[in-house]
Amino acid sequence: MPEETLSITDNRTATSYTIPIEHGAIRAMDLRQIKTSPEDFGLMTYDPAFMNTACCQSRITYIDGDKGILLYRGYPIEQLAEHCTYLEVAYLLLYGELPTAAQLEEWAQAITHHTMLHENTKRIIEAFRHDAHPMGVLASAVAALSTFYPEAKNVHDPAVRRLQILRLLGKIPTIAAYAYRHSLGYPYVYPDNDLSYTENFMNMLWRMAEPKFQPNRTLARALDVLFILHADHEQNCSTNAMRSIGSSLADPYLTMAGAIAALSGPLHGGANEAVLRMLNEIGSKDNIPAFIKKVKAGECKLMGFGHRVYKNYDPRARIIKQIAEEVFEVTGRNPLIDIARELEKIALEDEYFVKRKLYPNVDFYSGIIYQAMGFRPEMFTVLFAIGRTAGWLAQWQEMLEDPAQKIARPRQLYLGHARRDFVPMEQRAVAELVR
Ligand code: ACO
């Protein structure tokens, strides 16, 4: 068997080093021994945007970006989306195995018992303007939960941690629904414990004067599957934020508020909102060629296309495309789907996209379904956040349990001024400023 090592020769010193390779990686700290003199700090790697740096060992989610494969704890996403509920998948992500019927019942009940919000949280949400973006409301309200549950800071206590996990999974749909109702000026609807996780979310969103909300089964299942598809995606931007903030041992509410902030950006979870705006702007199939031309000229991006890891069709986008048809049977067809399909067809045949391996990602079709269900674009990323809560918490827990982890603290290559002496005001000239 070939030796699992890497030989490096430092041409500055003509010294050779042998570095172990483990799981297809070398340890960055093994490079530190490579020095030009005893005073030298040692060699570092430079990797802006973490293009080729593994920051953890994980057993939660596997992606093969070239083949378009996504597994949660080894199970293909297609099988989980077909057979599981979101809470079942949340259990799988957090505990590593699918629950038995009894475990799932206990799990679902425990989460259901944490769906209520402290009345003061309601007042915090009420304080926002009617047109506040719900992602800002969500991040703020989740951060505020930290003040209601001060014991949550005991992050190394597994029992305390489990309670916060139940609370976050339970309360996130309630906060999301309150943020939604707030934007419409409607009174808040309290959770209904007779309903499933997703049905109850729909109840809190859409119940009006009727004494009991009757959720549409097809829409509830579609939303539940969308939560499954968004539940985890290994070390993406928001999960990295969750791990990074959590590594300082901040409590899970403040930590997750940071992950929600990271998700809100248009290059990440905010893309679904941007896709819908883009499709509206395109307006009709006839305008697609002109739009593609603009994308190729670098004037704008084809939102919902491209991915750091997938260089093939995102398997989640394929499942979402199927769900769209089921949802339209209930809601009527969203005409934007025809523009999206045509856009996809043209893009997948165009050399610009083929050469760069740009395929539809999870966000390309999700917004069209959400809109058909009656959500406004501002809510799309909030729905993503509800699903991703399970993954964020699983990754946070894994990070805390991992003895190899410490506070996240990257290095930098300092290229600024060398030491210089203070210049008194009267001697200063107008200089070019740093932007
Ligand atoms: N439209 C047009 N061109 C694109 C797109 C796009 N959507 N995405 C990437 N490219 C081009 C880039 O301009 C670049 O071209 P170049 O080599 O000529 O300079 C090349 O493809 C490589 O792209 P990068 O930006 O280097 O890829 P990166 O891995 O950094 O970015 C990202 C990935 C952010 C997802 C990017 O593809 C993008 O901005 N997509 C649109 C936003 C989006 O849909 N985000 C959702 C991602 S999925 C999620 O977070 C849930």
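A polar contact is taken here as a pair of N or O atoms within 3.5 Å. In the predicted model, the side chain of Arg 356 meets this criterion, because one of its polar atoms lies 2.9 Å from an oxygen atom of the ligand. Asn 361 also contacts the ligand through its side chain, with an N or O atom 2.9 Å from a ligand oxygen. In the case of Tyr 352, a side-chain N or O atom is placed 3.0 Å from a nitrogen atom of the ligand. The ligand would expose 920 Å² if taken alone, and the protein buries 72% of that area.

The shell around the ligand comprises 19 residues, of which the closest are His 268, Lys 301, Leu 302, Gly 304 and Arg 308. By class, this shell holds ten nonpolar, five polar and four charged residues.

Backbone geometry was examined for positive phi values. Most residues other than glycine have a negative phi. Ala 14, however, has a positive phi of about 60°. This residue lies in the loop that links β1 (5-10) to β2 (15-20), and it is exposed, with a relative accessible area of 68%. Ala 49 likewise is not a glycine, yet has a positive phi of about 65°. Ala 49 sits in the loop between β2 and β3 (61-64) and counts as exposed at 53% relative accessibility.

On the surface, Tyr 46, Leu 413 and Leu 415 make a nonpolar patch of about 410 Å². Leu 413 belongs to the segment after α17 (377-401). With a relative accessibility of 44%, Leu 413 is classed as partly exposed, since the exposed class requires over 50%.

Notes. Residues are numbered from 1 along each chain as its sequence is written. This is a predicted model: local features need pLDDT of at least 70, side-chain atom pairs count only at pLDDT 80 or more; totals for chains, interfaces and linings use all residues. Side-chain values use heavy atoms; hydrogens and water are left out. Helices (H or I, at least four residues) and strands (E, at least two) are DSSP runs, numbered from the N terminus. Buried means under 20% relative accessible area, exposed over 50%, partly exposed in between (1.4 Å probe, protein chains only). Patches are made of residues with over 30% relative accessible area and no salt bridge: like charges are joined within 9 Å, nonpolar side chains (Val, Leu, Ile, Met, Phe, Trp, Tyr) within 5 Å. Accessible areas come from the Shrake-Rupley method with a 1.4 Å probe; for residues, only the protein chains shown count as cover. A salt bridge is a side-chain nitrogen of Lys or Arg within 4 Å of a carboxyl oxygen of Asp or Glu. A residue is near a molecule or strand if one of its heavy atoms lies within 4 Å of it. A polar contact is a pair of N or O atoms within 3.5 Å; within protein, one must be able to donate a hydrogen and the other to accept it, and residues adjacent in sequence count only if both atoms are side-chain atoms. Ala, Val, Leu, Ile, Met, Phe, Trp, Tyr, Cys and Pro count as nonpolar, Asp, Glu, Lys and Arg as charged, and the others, Gly among them, as polar.
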